[in-house]
Amino acid sequence: PLLTVSVSPRGDALAFSTWGLEEDLWIVRSDGTGLRKVTDDRYRDRVPFFSPDGKRLAFHSDRDGTWNIWTIGIDGSGLTQITADKASGFPLSAQFSPDGTKLSVASYTGTRIIPSDIRPGARLPEPLPLPENGIMFRPFCWFPDGGRLAGFVWKPGAPGAGIMTLDIASQKYERLTESGGFPALTADGRRLYYLDEGKVWLIDPATKKPRLIFEGTAERPVIHQTVAPDGRSLYVIRQFDQSDIWLLDSR
């Protein structure tokens, strides 16, 4: 099954990760052709995000014996370790800034903004302040000005608790919703899509008024979504569980 999906800056390709016995990164054209693996090994590679030029992916992997952030070319070349510090706090995902010079890294110890060319093992910056005591913030996209992040807040072991934005300079948070997660912004930063209870919602960060866009079913809820930069295409992953019993006639 698929785990997450990311759209390239030009909207012409998708990157996704699989879940299960083999957890690899894949690339496919947005029309569904040209499917190919980016990684193909025994390690667990998850949650890819494109660089602004569309040539690299940032992802998290256990390939060094623990979970860390790595980058790789979309052709599978240039595998580079980004974090290798035990103090990084189990990095969960990373997103390139609009100019490609920084990465927002979410972990169990908080959100860090680090140089995208940081030397593996280098001392990491201190995490940004948490929005509330015991509540974590997981960034999932940058606003086009590079000064703000959109993400969702969560408490370890509990469901997602809503969409928030973070102004990096002032370190101030703004709440957009009381529930939901996995936000995705259009390239102009004016429309933000997010997932809540198996449904896709759209909200204007300025007015904070949500609108239902796509509704899954009880049998096939939406488990991940993202939007093309131009806002014209929405990509969703829906859960599909099916089991069959077969009778074999051995005669």
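A salt bridge here is a side-chain nitrogen of Lys or Arg within 4 Å of a carboxyl oxygen of Asp or Glu. Keep that in mind as you click through this predicted model, which holds twelve salt bridges.

**Stop 1: a charged network.** Select Glu22, Asp24, Lys37 and Asp40, and you have a network linked by salt bridges. Now zoom in on Lys37 and Asp24, whose side chains meet at 3.3 Å, N to O. This pair ties together distant parts of the chain: Lys37 belongs to strand β4 (residues 36-37), while Asp24 sits in the loop between β2 (13-18) and β3 (25-29), 13 residues apart. Is Asp24 buried or exposed? With a relative accessibility of 0%, Asp24 counts as buried. Lys37, at 28%, is partly exposed.

**Stop 2: Asp45.** Stay with Asp24 and display its contact Asp45, which lies in strand β5 (residues 45-50). Asp45 is at 0% relative accessibility, so it counts as buried, the cut-off being under 20%. Which side chain makes a polar contact with the side chain of Asp45? Pick Ser61: the distance is 2.6 Å. To see more of the surroundings, add other residues that Asp45 touches, including Ser17, Glu23, Leu25, Thr39, Phe59, His60 and Arg63.

**Stop 3: Arg10 and Asp12.** Next, select Asp12 and Arg10, whose side chains form a salt bridge at 2.9 Å, N to O. Colour by accessibility if you like: Arg10 is exposed at 74%, whereas Asp12 is partly exposed at 33%.

**Stop 4: Lys208 and Glu174.** Jump along the chain to another salt bridge, between the side chains of Lys208 and Glu174 (3.0 Å, N to O). These residues are 34 apart in sequence, with Lys208 in the loop between β18 and β19 and Glu174 in strand β15 (residues 172-175). Both ends are partly exposed, Lys208 at 33% and Glu174 at 35%.

**Stop 5: the sheet.** That loop leads straight into the last view. Switch to cartoon and show the four strands of an open, antiparallel sheet, ordered β16-β17-β18-β19. Which strands stand at the edges? They are β16 (181-185) and β19 (210-215); each has a single partner strand, so one side of each lacks a neighbour in the sheet. Look along the sheet and you'll find neighbouring strands turned by 25° against each other on average, ignoring direction.

Finish in the middle, with β17 (residues 192-196) and β18 (residues 199-203), which pair antiparallel over five bridges. Select Asp196 and then Lys199, its bridge partner in β18.

Definitions and conventions: Residues numbered from 1 in each chain as written. Predicted model: local features only at pLDDT ≥ 70, side-chain atom pairs only at ≥ 80, totals over all residues. Heavy atoms only, no water. Pairing = 2+ DSSP bridges. Helix = DSSP H or I, 4+ residues; strand = E, 2+ residues; numbered from the N terminus. Axes fitted to C-alpha atoms, helices over the stretch in contact; angles between N-to-C directions. Buried < 20%, exposed > 50% of the residue type's maximum accessible area, 1.4 Å probe, protein only. Polar contact = N/O pair within 3.5 Å; in protein donor to acceptor, adjacent residues only side chain to side chain. Contact = heavy atoms within 4.5 Å. Lists of a residue's contacts leave out its neighbours within four places in sequence.
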